[in-house]
Amino acid sequence: MEGVTTNVKVMGGLNESLVVNMIRRRGPISRVDIAKLTGLTAPTVTNVSGKLIEAGLIQEYMVGEYSGGRRPVLLKANSEMVNMIIVDIRSKEIKGYLINGELEVAEEICHDIRKIDKDKILSLVEDTIAKCYASENGKLAMAIGIIVRGPVMSREGLSLFSPSTGWHNVPLKYIMEEKFRLPVFVENDMRAMALGAYHYGPYRDIKNAVFLGVGGGIGSGIILNGELYRGLGDSAGEIGHTVVDVNGPACSCGNFGCLEAMASETALIVMVTKAIEEGESSLLYEMVESNINAIKPEHIYAAAGDGDLLAIRALQHVGRYLGMGAANIINIFNPQLVLIGGGIVKGQQFIEETMKEVIKERALGNCYSSTRIEFSTEGRRAALKGIVDLVMEGIFFSLK
């Protein structure tokens, strides 16, 4: 497939980039629909698609359904149009992938990063990329994508603060481009999840949406007019650090009563642990064999499923504050969709009703009436889709 990858470099101009990005996100798709969605003329789409087929980047896939007139020929992306190396830096592990544009994984590497210092973690990132690159298919990689927790400046590829690694102002893009001589794209995990859910889920016809990711922390990705909104300093979406209780507990950011301190999985663990320490009975105590420091979110979801009153009450408490956070989102952005994702989705049955009640009470009626509230079960798969999309968009638009 070396010829296919090489031919990406001869794509040409903006129209080629628009068409190939539309096909890889929406394919199989007809030339007529491409013209409607991009605003390009039908002859332009025909000419551009012919060039892309000749280059091996796309292919005529199948004949579409009859809707009057000639049945359309549908186009789809060639799965090997771009090969890339993706590194996903999670809270407990690093996962590396050699992957193509259709999210087909050729190589996968995993490193445990618990109890490892920040410098060693950076070395492991380099090692993960090097191992993927050294594989037989790795030589075809055109770019590197890195997913990292915490706020980032994506354009600069700078990790401002990553709670899972302890990094502060680490120039990931610069470091990895210097070492591997490939373009590097860096994104926050919540924004990557938003991009993946939006472009490759059932929501791509929605123009305004907010993805609220709730795990160990809380972050978001904001889609406005079909584009990821980054803000002036590339820091938009830190909804987890909006204050929902002025008398609330300390947050990792140094403030008090932030949404993250009240409704994240970390907050959930703190809540049940404190209750057990104060003498409240719970199945959780037996689940962790009396070691309450070993309680994890999965234990709480399981206990709630078994009818444990403490676990259920804690999840409902989280639901109330998530409802407040979502109501604020709705009042500020008036989106068509608020999509809840992350680990907290495992407790959906215990938080959804409470959350929606609070939203209905606190959001303005004219804003709330037009907003869908849904849960996403894709988890990290959405983030992988999102970073692949970001890398491919960066490659194609950089070549125009």
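Okay, let's start with a bit of vocabulary: angles under 35 degrees count as roughly parallel, over 145 as roughly antiparallel, 65 to 115 as roughly perpendicular, and the rest as oblique. Keep that handy while we walk through the helices. And one thing up front: what you're looking at is a predicted model.

So, first pair. Find helix α5, residues 118-134, and helix α6, residues 172-180. Their axes sit 11 Å apart, and the packing angle is about 45°. Now use the vocabulary: α5 and α6 are therefore oblique to each other. As for handedness, α5 passes α6 in a right-handed crossing. Who's actually touching? On the α5 side we have Leu 122, Val 125, Glu 126, Ile 129 and Ala 130. Facing them from α6 are Leu 172, Ile 175, Met 176, Lys 179 and Phe 180. If you sort the residues of that contact by class, you get eight nonpolar, two charged and no polar.

Next pair: α9, which runs over residues 265-277, and α12, residues 309-333. What's the angle between α9 and α12? It's about 140°, with the axes 10 Å apart. That doesn't get over 145, the cut-off for roughly antiparallel, and α9 and α12 are therefore oblique to each other. The crossing of α9 and α12 is right-handed. From α9, the contact uses Leu 268, Met 271, Val 272, Ala 275 and Ile 276. From α12, look for Leu 310, Ala 314, Leu 315, His 317 and Val 318. By class, that contact has nine nonpolar residues, one polar and no charged.

Stay on α12, please, since it has another partner: helix α13, residues 348-362. Here the axes are 7 Å apart and the angle is about 35°. Again, α12 passes α13 in a right-handed crossing. The list of residues is long to read aloud, so I'll just pick some. Among them in α12 are Leu 315, Gly 319, Arg 320 and Gly 323, and the α13 ones include Phe 350, Thr 354, Val 358 and Arg 362. This contact divides into twelve nonpolar, five polar and two charged residues. Oh, and notice Leu 315: that residue turns up in the contact with α9 and in the contact with α13.

Now for some empty space. How many cavities of 30 Å³ or more are there? The count comes to one, and the largest cavity has a volume of about 70 Å³. Its lining includes Ala 194, Tyr 198, Tyr 203, Phe 211, Gly 221 and Leu 339. The elements giving two or more residues to that lining are α7 (189-200), β12 (209-214), β13 (218-224) and β15 (337-341). And by class? Ten of the lining residues are nonpolar, one is polar and none is charged.

Last bit: backbone oddities. Zoom in on the peptide bond from Gly 27 to Pro 28, which is cis, with omega near 0°. Pro 28 is in the loop between α2 (14-26) and β1 (29-30).

Then, which residues have a positive phi without being glycine? One is Asn 169, with phi about 55°, and Asn 169 lies in strand β10, residues 167-171. Another is Asp 234, where phi is near 60°. You'll find Asp 234 in the loop between β14 (227-229) and α8 (259-263).

That's my tour. If you look at one thing again later, try the two helix pairs that include α12: α9 with α12, and α12 with α13.

Technical notes. Residues are numbered from 1 along each chain as its sequence is written. This is a predicted model: local features need pLDDT of at least 70, side-chain atom pairs count only at pLDDT 80 or more; totals for chains, interfaces and linings use all residues. Side-chain values use heavy atoms; hydrogens and water are left out. Axes are lines fitted to C-alpha atoms, for helices over the stretch in contact, and angles run from 0 to 180 degrees between N-to-C directions. Helices (H or I, at least four residues) and strands (E, at least two) are DSSP runs, numbered from the N terminus. A crossing is left-handed if the near helix is turned anticlockwise from the far one by less than a right angle, and right-handed if clockwise. Contact means heavy atoms within 4.5 Å. Ala, Val, Leu, Ile, Met, Phe, Trp, Tyr, Cys and Pro count as nonpolar, Asp, Glu, Lys and Arg as charged, and the others, Gly among them, as polar. On a 1 Å grid over the protein atoms alone, a cavity is a set of points where a 1.4 Å probe fits but cannot get out, and a pocket is an open set with protein on both sides within 12 Å along at least five of seven lines; lining residues have an atom within 4 Å of a point. Grid points are joined across faces, edges and corners, and a volume is the space filled by probe spheres set on the points.
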